[in-house]
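Subject: Structure for you to look at

Hi,

Here is the structure I promised to pass on. Have a look at it first, and then read on for what turned up.

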Amino acid sequence: MRTNKFLGKDWIDAELDFTKEEWETLIEVGLELKKRHAMNQDQTEILKGKTLFTMFFNQSLRTRSTFAAGIQQLGGFHVDLEPGKTYTPAREGFDIPYKTERIADVSRMLNRVGDAIAIRMYGPPAYWIYGFANSTIKEFAQYAEIPIINMECDKYHPTQALADLITIKEKFGTFKGINLTMSWAYSGSIEKPRAVPQSVVLAAAKMGMNVTLAHPKGFELDPEVIAACEKFSAETDGSFRITNDFDEGFKGAHIVYPKSWGSVYCFNYTDKTGKTVKKQDLEKAEKVNNENKNWRTTKKQMELVDKHGIYMHCLPADRGQEVDDDVIDGERSVVIDEAENRLHAHKAIMAMIMGGRL
Ligand code: CP
(Lines give C-alpha, C1' and ligand atoms only; values in the text may rest on other atoms or scores of the structure.)
Protein backbone atom coordinates (compact mmCIF):
# COMPACT_ATOMS: atom_id res chain seq x y z
CA MET A 1 0.00 0.00 0.00
CA ARG A 2 1.19 3.54 -0.73
CA THR A 3 1.91 5.52 2.41
CA ASN A 4 1.52 9.18 3.34
CA LYS A 5 2.31 11.19 6.44
CA PHE A 6 -1.34 11.15 7.55
CA LEU A 7 -1.51 7.36 7.60
CA GLY A 8 -2.21 5.94 11.05
CA LYS A 9 -2.12 9.35 12.79
CA ASP A 10 -4.56 10.08 15.60
CA TRP A 11 -7.01 12.96 15.15
CA ILE A 12 -7.33 14.03 18.79
CA ASP A 13 -5.67 17.43 19.40
CA ALA A 14 -5.60 18.01 15.65
CA GLU A 15 -5.38 21.82 15.80
CA LEU A 16 -2.10 21.40 17.67
CA ASP A 17 -0.72 18.22 16.07
CA PHE A 18 -1.39 18.76 12.36
CA THR A 19 0.44 21.49 10.46
CA LYS A 20 -1.18 24.32 8.51
CA GLU A 21 -0.21 22.53 5.28
CA GLU A 22 -1.84 19.32 6.51
CA TRP A 23 -5.06 21.19 7.37
CA GLU A 24 -4.97 22.74 3.88
CA THR A 25 -4.64 19.26 2.36
CA LEU A 26 -7.59 17.98 4.36
CA ILE A 27 -9.70 20.97 3.26
CA GLU A 28 -8.82 20.21 -0.39
CA VAL A 29 -9.60 16.51 0.02
CA GLY A 30 -12.93 17.36 1.70
CA LEU A 31 -13.88 19.69 -1.16
CA GLU A 32 -12.80 17.09 -3.74
CA LEU A 33 -14.91 14.38 -2.09
CA LYS A 34 -17.83 16.82 -1.90
CA LYS A 35 -17.53 17.49 -5.63
CA ARG A 36 -17.41 13.77 -6.43
CA HIS A 37 -20.43 13.19 -4.16
CA ALA A 38 -22.41 15.92 -5.99
CA MET A 39 -21.52 14.26 -9.31
CA ASN A 40 -22.78 10.90 -8.00
CA GLN A 41 -19.34 9.36 -8.45
CA ASP A 42 -18.81 6.04 -6.72
CA GLN A 43 -16.40 6.40 -3.76
CA THR A 44 -16.73 2.91 -2.33
CA GLU A 45 -13.24 1.85 -3.36
CA ILE A 46 -11.62 4.48 -1.11
CA LEU A 47 -12.00 2.62 2.22
CA LYS A 48 -13.42 -0.64 0.91
CA GLY A 49 -13.74 -3.26 3.64
CA LYS A 50 -12.50 -0.99 6.46
CA THR A 51 -14.27 -0.92 9.83
CA LEU A 52 -14.80 2.16 12.00
CA PHE A 53 -15.84 1.69 15.63
CA THR A 54 -17.82 4.61 17.05
CA MET A 55 -18.38 5.25 20.75
CA PHE A 56 -20.71 8.05 21.85
CA PHE A 57 -20.75 8.76 25.58
CA ASN A 58 -23.00 11.80 24.79
CA GLN A 59 -25.87 12.62 22.47
CA SER A 60 -25.25 13.57 18.83
CA LEU A 61 -27.12 14.12 15.59
CA ARG A 62 -24.60 15.58 13.13
CA THR A 63 -21.44 13.76 14.20
CA ARG A 64 -23.16 10.40 14.51
CA SER A 65 -25.05 10.58 11.20
CA THR A 66 -22.17 11.95 9.13
CA PHE A 67 -19.54 9.48 10.38
CA ALA A 68 -21.97 6.61 9.72
CA ALA A 69 -22.93 7.90 6.26
CA GLY A 70 -19.33 8.87 5.49
CA ILE A 71 -17.71 5.49 6.12
CA GLN A 72 -20.53 3.78 4.19
CA GLN A 73 -20.02 6.12 1.20
CA LEU A 74 -16.30 5.27 1.25
CA GLY A 75 -17.04 1.54 1.07
CA GLY A 76 -16.45 0.79 4.75
CA PHE A 77 -18.68 -0.15 7.65
CA HIS A 78 -19.26 1.26 11.11
CA VAL A 79 -20.06 -0.55 14.35
CA ASP A 80 -21.62 1.64 17.02
CA LEU A 81 -20.40 0.47 20.44
CA GLU A 82 -22.88 2.13 22.77
CA PRO A 83 -21.27 2.66 26.19
CA GLY A 84 -23.66 1.03 28.66
CA LYS A 85 -24.73 -1.63 26.14
CA THR A 86 -21.19 -2.81 25.67
CA TYR A 87 -19.09 -2.84 28.86
CA THR A 88 -18.40 0.87 29.39
CA PRO A 89 -14.69 1.59 28.84
CA ALA A 90 -13.16 2.97 32.03
CA ARG A 91 -9.85 4.22 33.38
CA GLU A 92 -8.08 2.76 36.38
CA GLY A 93 -9.82 3.89 39.55
CA PHE A 94 -13.21 4.21 37.83
CA ASP A 95 -14.00 0.49 37.47
CA ILE A 96 -17.44 -0.98 38.29
CA PRO A 97 -17.41 -4.82 38.34
CA TYR A 98 -19.14 -6.39 35.30
CA LYS A 99 -20.27 -2.95 34.05
CA THR A 100 -17.02 -1.37 32.95
CA GLU A 101 -13.94 -2.68 31.20
CA ARG A 102 -10.45 -1.17 31.31
CA ILE A 103 -9.63 0.98 28.30
CA ALA A 104 -6.35 -0.94 27.91
CA ASP A 105 -8.33 -4.13 27.22
CA VAL A 106 -11.04 -2.52 25.06
CA SER A 107 -8.54 -0.65 22.94
CA ARG A 108 -6.15 -3.59 22.42
CA MET A 109 -9.09 -5.82 21.45
CA LEU A 110 -10.58 -3.37 18.91
CA ASN A 111 -7.08 -2.72 17.54
CA ARG A 112 -6.92 -6.39 16.46
CA VAL A 113 -10.23 -6.35 14.54
CA GLY A 114 -10.93 -2.89 13.09
CA ASP A 115 -9.28 0.07 11.35
CA ALA A 116 -10.13 3.14 13.51
CA ILE A 117 -11.93 4.07 16.74
CA ALA A 118 -13.92 7.32 17.00
CA ILE A 119 -14.95 8.60 20.44
CA ARG A 120 -17.13 11.40 21.84
CA MET A 121 -16.87 12.16 25.53
CA TYR A 122 -17.38 15.26 27.69
CA GLY A 123 -19.48 16.40 30.67
CA PRO A 124 -21.09 13.85 33.02
CA PRO A 125 -19.30 10.72 31.68
CA ALA A 126 -16.05 12.64 32.39
CA TYR A 127 -17.33 13.89 35.79
CA TRP A 128 -17.10 17.50 34.47
CA ILE A 129 -13.36 17.30 35.27
CA TYR A 130 -11.76 19.59 32.70
CA GLY A 131 -9.37 17.55 30.53
CA PHE A 132 -10.54 14.13 31.80
CA ALA A 133 -12.25 13.21 28.52
CA ASN A 134 -9.29 14.37 26.43
CA SER A 135 -6.97 12.20 28.54
CA THR A 136 -9.40 9.27 28.27
CA ILE A 137 -9.36 9.44 24.46
CA LYS A 138 -5.55 9.60 24.58
CA GLU A 139 -5.55 6.47 26.73
CA PHE A 140 -7.30 4.62 23.86
CA ALA A 141 -4.50 5.85 21.59
CA GLN A 142 -1.87 4.60 24.00
CA TYR A 143 -3.11 1.01 23.52
CA ALA A 144 -4.02 1.03 19.80
CA GLU A 145 -1.98 1.32 16.62
CA ILE A 146 -5.09 2.06 14.54
CA PRO A 147 -6.05 5.77 14.43
CA ILE A 148 -8.20 7.28 17.18
CA ILE A 149 -10.60 10.06 16.19
CA ASN A 150 -11.84 12.66 18.67
CA MET A 151 -15.52 13.29 17.85
CA GLU A 152 -15.62 16.01 20.59
CA CYS A 153 -14.09 15.93 24.03
CA ASP A 154 -13.98 18.51 26.80
CA LYS A 155 -11.12 20.40 25.13
CA TYR A 156 -11.48 20.10 21.36
CA HIS A 157 -13.94 19.38 18.56
CA PRO A 158 -11.52 19.12 15.62
CA THR A 159 -13.89 17.41 13.17
CA GLN A 160 -16.25 20.40 13.59
CA ALA A 161 -13.34 22.81 13.05
CA LEU A 162 -12.41 21.14 9.75
CA ALA A 163 -16.02 21.33 8.52
CA ASP A 164 -16.07 25.02 9.52
CA LEU A 165 -12.85 25.76 7.61
CA ILE A 166 -14.24 23.98 4.53
CA THR A 167 -17.34 26.20 4.81
CA ILE A 168 -15.23 29.36 5.16
CA LYS A 169 -13.11 28.35 2.16
CA GLU A 170 -16.30 27.87 0.10
CA LYS A 171 -17.75 31.23 1.16
CA PHE A 172 -14.63 33.43 0.96
CA GLY A 173 -12.12 31.44 -1.12
CA THR A 174 -9.33 32.39 1.31
CA PHE A 175 -8.49 32.67 5.00
CA LYS A 176 -6.06 35.58 4.76
CA GLY A 177 -7.60 38.94 5.65
CA ILE A 178 -10.85 37.39 6.92
CA ASN A 179 -12.08 38.65 10.30
CA LEU A 180 -13.62 35.85 12.35
CA THR A 181 -15.28 36.47 15.71
CA MET A 182 -15.89 33.52 18.00
CA SER A 183 -18.36 34.90 20.51
CA TRP A 184 -19.97 33.49 23.62
CA ALA A 185 -23.79 33.49 23.50
CA TYR A 186 -26.37 33.10 26.26
CA SER A 187 -28.13 29.77 26.78
CA GLY A 188 -30.36 28.47 29.58
CA SER A 189 -28.09 25.44 29.74
CA ILE A 190 -25.14 26.33 31.97
CA GLU A 191 -23.14 23.09 31.70
CA LYS A 192 -21.52 22.95 28.29
CA PRO A 193 -18.03 22.03 27.05
CA ARG A 194 -15.56 24.57 25.63
CA ALA A 195 -14.61 22.26 22.77
CA VAL A 196 -16.14 24.17 19.86
CA PRO A 197 -14.86 27.67 20.70
CA GLN A 198 -11.38 26.32 21.52
CA SER A 199 -11.15 24.36 18.27
CA VAL A 200 -12.55 27.19 16.15
CA VAL A 201 -10.16 29.87 17.45
CA LEU A 202 -7.16 27.52 17.18
CA ALA A 203 -8.00 26.39 13.64
CA ALA A 204 -8.76 29.95 12.47
CA ALA A 205 -5.51 31.27 13.98
CA LYS A 206 -3.58 28.39 12.42
CA MET A 207 -4.92 29.40 8.99
CA GLY A 208 -3.81 33.02 9.49
CA MET A 209 -7.23 34.63 9.96
CA ASN A 210 -7.85 37.75 12.05
CA VAL A 211 -9.43 36.16 15.10
CA THR A 212 -11.45 37.91 17.80
CA LEU A 213 -12.60 36.00 20.86
CA ALA A 214 -15.54 37.76 22.55
CA HIS A 215 -16.99 36.68 25.89
CA PRO A 216 -18.18 38.14 29.19
CA LYS A 217 -15.87 37.89 32.19
CA GLY A 218 -16.05 34.41 33.72
CA PHE A 219 -16.14 32.59 30.35
CA GLU A 220 -12.38 32.56 29.71
CA LEU A 221 -11.01 29.71 27.62
CA ASP A 222 -8.08 27.46 28.58
CA PRO A 223 -4.91 29.63 28.92
CA GLU A 224 -2.99 26.98 26.90
CA VAL A 225 -5.41 27.50 24.02
CA ILE A 226 -4.97 31.28 24.18
CA ALA A 227 -1.17 30.89 24.18
CA ALA A 228 -1.36 28.57 21.13
CA CYS A 229 -3.62 31.05 19.28
CA GLU A 230 -1.11 33.85 19.91
CA LYS A 231 1.73 31.63 18.67
CA PHE A 232 -0.17 30.57 15.51
CA SER A 233 -1.14 34.18 14.72
CA ALA A 234 2.48 35.32 15.01
CA GLU A 235 3.59 32.47 12.72
CA THR A 236 0.96 33.17 10.06
CA ASP A 237 0.85 36.99 10.22
CA GLY A 238 -2.76 36.83 11.30
CA SER A 239 -4.06 38.44 14.48
CA PHE A 240 -5.68 37.37 17.72
CA ARG A 241 -7.44 39.52 20.33
CA ILE A 242 -9.91 39.10 23.18
CA THR A 243 -12.75 41.46 24.05
CA ASN A 244 -15.37 41.38 26.79
CA ASP A 245 -17.71 43.57 24.72
CA PHE A 246 -20.37 41.82 22.58
CA ASP A 247 -20.83 44.75 20.14
CA GLU A 248 -17.09 45.30 19.82
CA GLY A 249 -16.69 41.65 18.82
CA PHE A 250 -19.27 41.93 16.03
CA LYS A 251 -18.09 45.23 14.49
CA GLY A 252 -16.62 44.69 11.01
CA ALA A 253 -16.54 40.88 11.31
CA HIS A 254 -16.78 38.86 8.10
CA ILE A 255 -17.78 35.84 10.17
CA VAL A 256 -19.55 35.74 13.53
CA TYR A 257 -19.80 32.44 15.39
CA PRO A 258 -21.87 33.18 18.54
CA LYS A 259 -22.20 30.02 20.61
CA SER A 260 -22.72 29.27 24.30
CA TRP A 261 -20.11 27.48 26.37
CA GLY A 262 -19.66 26.75 30.06
CA SER A 263 -18.21 29.36 32.40
CA VAL A 264 -15.02 28.71 34.38
CA TYR A 265 -17.32 27.69 37.29
CA CYS A 266 -18.91 24.72 35.55
CA PHE A 267 -15.83 22.50 35.61
CA ASN A 268 -13.92 20.57 38.26
CA TYR A 269 -10.16 21.02 37.99
CA THR A 270 -7.54 18.49 39.04
CA ASP A 271 -3.76 18.58 39.25
CA LYS A 272 -1.47 16.14 37.40
CA THR A 273 -1.97 13.51 40.14
CA GLY A 274 -5.76 13.63 39.75
CA LYS A 275 -6.31 15.51 43.05
CA THR A 276 -9.16 18.04 42.89
CA VAL A 277 -7.83 21.60 43.14
CA LYS A 278 -11.06 23.47 42.34
CA LYS A 279 -14.65 22.27 42.41
CA GLN A 280 -17.55 23.04 40.10
CA ASP A 281 -19.72 25.90 41.51
CA LEU A 282 -23.10 25.74 39.79
CA GLU A 283 -24.54 28.66 41.80
CA LYS A 284 -21.83 30.96 40.50
CA ALA A 285 -22.19 29.43 37.03
CA GLU A 286 -25.93 30.20 37.03
CA LYS A 287 -25.32 33.76 38.26
CA VAL A 288 -22.70 34.67 35.67
CA ASN A 289 -24.82 33.08 32.96
CA ASN A 290 -27.96 35.02 33.90
CA GLU A 291 -26.04 38.32 34.07
CA ASN A 292 -25.32 38.03 30.35
CA LYS A 293 -28.69 37.24 28.77
CA ASN A 294 -28.17 40.16 26.38
CA TRP A 295 -25.47 38.16 24.50
CA ARG A 296 -28.10 37.00 22.00
CA THR A 297 -27.70 37.40 18.27
CA THR A 298 -30.56 39.50 16.94
CA LYS A 299 -31.08 41.08 13.52
CA LYS A 300 -29.99 44.41 15.01
CA GLN A 301 -26.78 42.84 16.35
CA MET A 302 -26.05 41.48 12.86
CA GLU A 303 -26.12 45.08 11.51
CA LEU A 304 -22.70 45.54 13.17
CA VAL A 305 -20.94 42.97 10.99
CA ASP A 306 -19.40 43.54 7.54
CA LYS A 307 -22.01 43.97 4.79
CA HIS A 308 -21.00 40.53 3.39
CA GLY A 309 -20.69 39.04 6.88
CA ILE A 310 -22.04 35.57 7.65
CA TYR A 311 -23.47 33.84 10.74
CA MET A 312 -22.03 30.47 11.76
CA HIS A 313 -23.07 27.96 14.44
CA CYS A 314 -22.11 24.30 14.89
CA LEU A 315 -25.70 23.35 15.93
CA PRO A 316 -27.70 22.43 17.88
CA ALA A 317 -28.56 26.10 18.60
CA ASP A 318 -30.69 27.25 21.51
CA ARG A 319 -33.14 29.38 19.55
CA GLY A 320 -34.55 32.40 21.36
CA GLN A 321 -31.57 32.32 23.75
CA GLU A 322 -28.33 32.17 21.73
CA VAL A 323 -29.95 33.48 18.55
CA ASP A 324 -33.22 34.73 17.09
CA ASP A 325 -35.02 32.69 14.43
CA ASP A 326 -34.79 35.48 11.85
CA VAL A 327 -30.96 35.37 12.11
CA ILE A 328 -30.37 31.62 12.09
CA ASP A 329 -32.99 31.20 9.34
CA GLY A 330 -31.88 34.38 7.55
CA GLU A 331 -29.87 34.86 4.37
CA ARG A 332 -26.55 35.40 6.20
CA SER A 333 -26.77 32.09 8.06
CA VAL A 334 -24.64 29.20 6.76
CA VAL A 335 -25.43 26.71 9.53
CA ILE A 336 -26.84 23.99 7.27
CA ASP A 337 -23.81 24.26 4.95
CA GLU A 338 -21.59 23.76 8.00
CA ALA A 339 -23.60 20.72 9.10
CA GLU A 340 -23.47 19.25 5.59
CA ASN A 341 -19.71 19.81 5.47
CA ARG A 342 -19.31 17.58 8.51
CA LEU A 343 -19.86 14.69 6.09
CA HIS A 344 -17.10 15.77 3.71
CA ALA A 345 -14.71 16.71 6.52
CA HIS A 346 -15.12 13.32 8.18
CA LYS A 347 -14.66 11.50 4.89
CA ALA A 348 -11.44 13.46 4.27
CA ILE A 349 -10.10 12.65 7.75
CA MET A 350 -10.97 8.95 7.48
CA ALA A 351 -9.64 8.64 3.92
CA MET A 352 -6.30 10.19 4.85
CA ILE A 353 -5.59 8.55 8.20
CA MET A 354 -7.12 5.12 7.44
CA GLY A 355 -5.15 4.64 4.23
CA GLY A 356 -7.81 5.45 1.65
CA ARG A 357 -7.27 4.95 -2.09
CA LEU A 358 -8.05 8.42 -3.40
N1 CP B 1 -22.11 20.11 16.09
C2 CP B 1 -22.17 18.84 16.56
O3 CP B 1 -21.17 18.21 16.95
O4 CP B 1 -23.43 18.32 16.49
P5 CP B 1 -23.91 16.98 17.22
O6 CP B 1 -23.79 17.21 18.70
O7 CP B 1 -25.33 16.80 16.76
O8 CP B 1 -23.03 15.85 16.78
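Let's start with a single residue: does Lys217 count as buried or exposed? Lys217 counts as exposed, at 61% relative accessibility. Before going further, please keep in mind that this is a predicted model.

Lys217 sits in the loop that links strand E8 (210–214) with helix H8 (223–236). Leaving out residues up to four places away in sequence, Lys217 touches Asn244 and Val288. Val288 is 71 residues from Lys217 along the chain, yet their C-alpha atoms are separated by 8.3 Å.

For contrast, try Arg36, which belongs to helix H2 (residues 20–38). Arg36 has a relative accessible area of 18%. The cut-off for buried is under 20%, so Arg36 is buried. If you set aside neighbours within four places in sequence, the contacts of Arg36 are Gln41, Gln43, Ile46 and Leu358.

Now the sheets.

One open sheet has four strands, ordered E2-E1-E5-E6, with parallel pairing. Its edges are strand E2 (77–80) and strand E6 (148–150), each of which pairs on one side only. On average, neighbouring strands in this sheet are turned by 25° against each other, if direction is ignored.

Strand E5 (residues 116–120) is worth some time. Five bridges tie it to strand E1 (residues 51–56), and the two run parallel. In that pairing Phe53 stands opposite Ile117, and Phe56 has Arg120 as its bridge partner. Towards E6, E5 makes three bridges, again in parallel, with Ala118 opposite Ile149.

Which way do the residues of E5 point? In a regular strand, side chains alternate between the two faces of the sheet. Here Ala116, Ala118 and Arg120 point one way and Ile117 and Ile119 the other, and all are buried. Since five of the five residues of E5 are buried, the strand is largely enclosed by the rest of the structure.

Two helices go with this part of the model. Helix H4 (residues 103–113) lies across E1 and E5, and runs at about 155° to E1. Then there is helix H5 (residues 132–142), where eight of the 11 residues are buried, so H5 too is largely enclosed by the rest of the structure. The buried residues in H5 are Phe132, Ala133, Asn134, Thr136, Ile137, Glu139, Phe140 and Ala141. And what covers them? The cover includes E1, strand E3 (88–90), H4, E5 and E6.

The other open sheet has five strands, in the order E9-E8-E7-E10-E13, and its pairing is parallel as well. Strand E9 (239–243) and strand E13 (310–311) stand at the edges with a single partner strand each, so one side of each has no neighbour in the sheet. Strand E7 (residues 179–184) is joined to E8 by five bridges, in parallel, and Ser183 of that pair stands opposite Ala214 in E8.

Helix H6 packs on this sheet, where it touches E7, strand E10 (255–259) and E13, and its direction makes about 150° with that of E10. H8, the helix that follows the loop of Lys217, lies across E8 and E9 and runs at about 145° to E9.

One last item is a helix pair. How do H6 and H13 cross? The axes of H6 (residues 158–172) and H13 (residues 335–353) come within 8 Å and cross at roughly 115°, so the two helices are roughly perpendicular to each other. The crossing is right-handed. On the H6 side the contact involves Thr159, Gln160, Leu162, Ala163, Asp164, Ile166, Thr167, Glu170 and Lys171. H13 contributes Asp337, Glu338, Asn341, Arg342, Ala345, His346 and Ile349. By type, the residues of this contact divide into five nonpolar, five polar and six charged.

If you want a place to begin in the viewer, try E5 with its partners E1 and E6, then go on to H6, which touches E7, E10 and E13 and also crosses H13.

Cheers

Note on methods:
Residues numbered from 1 in each chain as written. Predicted model: local features only at pLDDT ≥ 70, side-chain atom pairs only at ≥ 80, totals over all residues. Heavy atoms only, no water. Axes fitted to C-alpha atoms, helices over the stretch in contact; angles between N-to-C directions. Parallel < 35°, antiparallel > 145°, perpendicular 65-115°, else oblique. Left-handed = near helix turned anticlockwise from the far one by under 90°. Contact = heavy atoms within 4.5 Å. Nonpolar A, V, L, I, M, F, W, Y, C, P; charged D, E, K, R; others polar. Buried < 20%, exposed > 50% of the residue type's maximum accessible area, 1.4 Å probe, protein only. Pairing = 2+ DSSP bridges.
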